[in-house]
Amino acid sequence: MDKSEKKKELIRSLKFLLFSISAGLIQMGSFALFKELLGWTNWLSYLLALVLSVLWNFTLNRKFTFKSANNVPIAMLKVACYYLVFTPLSTMLERLLADTLGWNGYLVTAINMILNFVTEFLYQRFFVFRDSIDTNDIAQREKEKENR
């Protein structure tokens, strides 16, 4: 990988980080709204907040991080498959470390968020968008500018 490709991947990683932080804020904010203001149960509030967060994160990363023009339903199905595995595993880890072993719940949640960030980036980069990176209209315009 040459220097410009390394720089491109670093920028891609930083964009993914920033969008993930924004998705985390959306998840926390919507969870608080559903739970505290609407009085919904924890599991329903968590699930809906997670779905909103995933949709936000997927949309921004597809368009701006991976600049992908691939089939949206197929890409979203692949991301849903990731969450079908990650959600129960992270919930079990949360329960084991916080509820059974007495670890601080916020620490365990932070660990799960870091695990989610790293594994989801790798999953999206090398599976979901692998063959369609830099194929959308934004990437095409950037290539045209470079060739001028």
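**Figure 1. Lys67, a buried loop residue with positive phi.** Lys67 has a relative accessible area of 9%, so it counts as buried (buried is under 20% relative accessible area, exposed over 50% and partly exposed in between, with a 1.4 Å probe and protein chains only). The model is predicted: local features need pLDDT of at least 70, side-chain atom pairs count only at pLDDT 80 or more, and totals for chains, interfaces and linings use all residues. Residues are numbered from 1 along each chain as its sequence is written, and side-chain values use heavy atoms, with hydrogens and water left out. The loop that holds Lys67 runs between α2 (42–65) and α3 (72–100). Helices here are DSSP runs of H or I with at least four residues, strands are E runs of at least two, and both are numbered from the N terminus. The phi of Lys67 is near 50°, a positive value in a residue other than glycine. Most residues other than glycine have a negative phi.

**Figure 2. Asp134, a second positive phi in a loop.** Asp134 sits in the loop between α4 and α5 (137–147). Its phi is near 60°, again in a residue other than glycine. With a relative accessible area of 10%, Asp134 is buried.

**Figure 3. Ala69 and its partners far along the chain.** Ala69 belongs to the loop between α2 and α3. It is partly exposed, at a relative accessible area of 45%. Its C-alpha atom is separated by 4.4 Å from that of Asn136, although the two residues are 67 apart along the chain. Neighbours within four places in sequence aside, Ala69 is in contact (heavy atoms within 4.5 Å) with Arg62, Ser132, Thr135 and Asn136.

**Figure 4. The largest nonpolar core.** A nonpolar core is a set of buried Ala, Val, Leu, Ile, Met, Phe, Trp, Tyr and Cys residues joined through side-chain atoms within 4.5 Å. The largest one has 14 residues, and Phe66, Val79, Tyr83 and Phe129 touch the most other members. Helices α2, α3 and α4 each supply at least two residues of this core. The largest share, 5 residues, comes from α3. Phe129 also shows what surrounds a core member: beyond its neighbours within four places in sequence, it is in contact with Phe58, Arg62, Phe66, Ser68, Asn70, Ala75 and Gln124.

**Figure 5. Helix α3 against helix α4.** The axes come within 10 Å and cross at roughly 155°. Axes are lines fitted to C-alpha atoms, for helices over the stretch in contact, and angles run from 0 to 180 degrees between N-to-C directions. The pair is therefore roughly antiparallel (roughly parallel is under 35 degrees, roughly antiparallel over 145, roughly perpendicular 65 to 115, and the rest oblique). The crossing is right-handed: the near helix is turned clockwise from the far one by less than a right angle, whereas anticlockwise would be left-handed. On the α3 side, the contact includes Val79, Tyr83, Phe86 and Leu93; on the α4 side, it includes Val108, Leu115, Tyr123 and Phe127. By class, the residues of this contact divide into 14 nonpolar, 7 polar and 3 charged. Nonpolar covers Ala, Val, Leu, Ile, Met, Phe, Trp, Tyr, Cys and Pro; charged covers Asp, Glu, Lys and Arg; the others, Gly among them, are polar.

**Figure 6. Helix α1 against helix α2.** The two axes come within 8 Å, with a crossing angle of roughly 155°. That makes α1 roughly antiparallel to α2. The crossing is right-handed. The contact has 14 nonpolar, 11 polar and 3 charged residues. Leu55 lies in α2. It is partly exposed, with a relative accessible area of 39%. The C-alpha atoms of Leu55 and Ala23 are separated by 8.7 Å, and the residues are 32 apart along the chain.

**Figure 7. Helix α1 (residues 3–37) against helix α4 (residues 105–128).** These axes come within 11 Å and cross at roughly 130°. That makes α1 oblique to α4. The crossing is right-handed. From α1, Glu9, Arg12, Ser13, Phe16, Leu17, Ser20 and Gly24 take part; they meet Met113, Phe117, Glu120, Phe121, Gln124 and Arg125 of α4. The contact divides into 5 nonpolar, 4 polar and 4 charged residues.
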